[in-house]
Amino acid sequence: NPVILTAPNAPSITNVASADPTDCNVADGTITISATGGSGTYEYSINNGGAWQLSNTFGGLDASNNPYQIKVRNSSGTCEVVGAIVNLTDKVAPTITNVTPTNPTDCGVNDGTITITANGSGALQYSIDDGTTWQASGAFPGLTGGTYQIRVRNGDGSCMVSAPDVILIDKIAP
């Protein structure tokens, strides 16, 4: 009887989807690999074949391990194919460069102000009430005396940073 040898088929990577981390100092990025063809089930790697897993989804990722080299092979260890290189992008926190307060000018007058100046990589949001409410401008007019908790974050709500609290002092009637 003749012996028939069957060579394994190589898988084909059809898609590599990635999601960057959602906040500063958070490793929640993902890479998902889709493959077809091949022989049987597949094993997936995002570190150039240094480690393999049966699941096609990798989580808990950040940019510290860039670049992620995608590979897929048959679960028998045969027919390894190389896919895309993926680089995740970590969020960058804004920097508060200045906070300028002015006290109310007279008793019962709500004309105190706080102006927050910050740098970031896009639109920023500002808060003076510990992040309860946010606005697109760093200018806060019409304030009374009191303690204000200064916060700034990226426009997408990520990477909140703080500055020291600001205390505005009301004038006291004699």
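Reader: What makes up the accessible surface of the protein chain?

Author: In this predicted model, the accessible surface of the protein chain comes to about 9600 Å². Carbon and sulfur atoms account for 51% of that area.

Reader: How many residues of the protein chain are buried, as a percentage?

Author: Buried residues make up 29% of the 174 residues. The word is used for a relative accessible area under 20%.

Reader: How do you know what the radius of gyration of the protein chain says about a compact globule?

Author: By setting one value against the other. For a compact globule of 174 residues the radius of gyration would be near 16 Å, but the protein chain has 27 Å. The C-alpha trace spans about 115 × 20 × 20 Å along its principal axes.

Reader: What secondary structure does the protein chain have?

Author: There are zero helices and 14 strands. Of the contacts with a separation of 6 or more, 52% join residues 24 or more positions apart.

Reader: Why is the pair Cys-24 and Cys-159 called a disulfide?

Author: The sulfur atoms of Cys-24 and Cys-159 are 1.9 Å apart. The cut-off is 2.5 Å, so the pair counts as a disulfide. A search of the whole structure finds one such link. The angle about its S-S bond is 100°, and the link is right-handed.

Reader: Which parts does the pair of Cys-24 and Cys-159 tie together?

Author: Cys-24 lies in the loop between β1 (11-19) and β2 (29-37), and Cys-159 in the loop between β12 (151-154) and β13 (161-162), so the link ties together parts that are 135 residues apart in sequence.

Reader: Why is Cys-24 called buried?

Author: Cys-24 has 15% relative accessibility. Buried means under 20%, so Cys-24 counts as buried. Cys-159, at 3%, counts as buried by that cut-off.

Reader: What makes Cys-79 and Cys-107 partly exposed?

Author: The relative accessible area of Cys-79 is 25%, and that of Cys-107 is 34%. Partly exposed lies between under 20% and over 50%, so both residues get that label.

Reader: Why does Tyr-42 count as buried?

Author: Tyr-42, found in strand β3 (residues 42-45), has 13% relative accessibility. That value is under 20%, so Tyr-42 counts as buried. Not counting residues up to four places away in sequence, Tyr-42 touches residues including Pro-11, Ala-35, Gln-53, Leu-54 and Val-72.

Reader: Why does Asn-154 count as buried?

Author: Asn-154, in strand β12, has 9% relative accessibility. With the cut-off at 20%, Asn-154 is therefore buried. Leaving aside neighbours within four places in sequence, the contacts of Asn-154 are Val-92, Pro-94, Ala-123, Leu-124, Gln-125 and Cys-159.

Reader: How do you know that Asn-25 is exposed?

Author: Its relative accessible area is 84%. Exposed means over 50%, so Asn-25 meets the definition. Asn-25 is in the loop between β1 and β2, and its phi is near 55°, a positive value in a residue other than glycine.

Reader: Why is Asp-130 called partly exposed?

Author: Asp-130 has 41% relative accessibility. That is not over 50% and not under 20%, so Asp-130 counts as partly exposed. Asp-130 is in the loop between β9 (124-127) and β10 (139-143), with a positive phi of about 65° although it is not a glycine.

Reader: What is the omega of the cis peptide bond from Asn-66 to Pro-67?

Author: Omega is near -10°. Pro-67 is in the loop between β4 (57-61) and β5 (68-74).

Technical notes:
Residues are numbered from 1 along each chain as its sequence is written. This is a predicted model: local features need pLDDT of at least 70, side-chain atom pairs count only at pLDDT 80 or more; totals for chains, interfaces and linings use all residues. Side-chain values use heavy atoms; hydrogens and water are left out. Helices (H or I, at least four residues) and strands (E, at least two) are DSSP runs, numbered from the N terminus. The radius of gyration is taken over C-alpha atoms; the globule rule is 2.2 Å times the number of residues to the power 0.38. Buried means under 20% relative accessible area, exposed over 50%, partly exposed in between (1.4 Å probe, protein chains only). Contact means heavy atoms within 4.5 Å. Accessible areas come from the Shrake-Rupley method with a 1.4 Å probe; for residues, only the protein chains shown count as cover.
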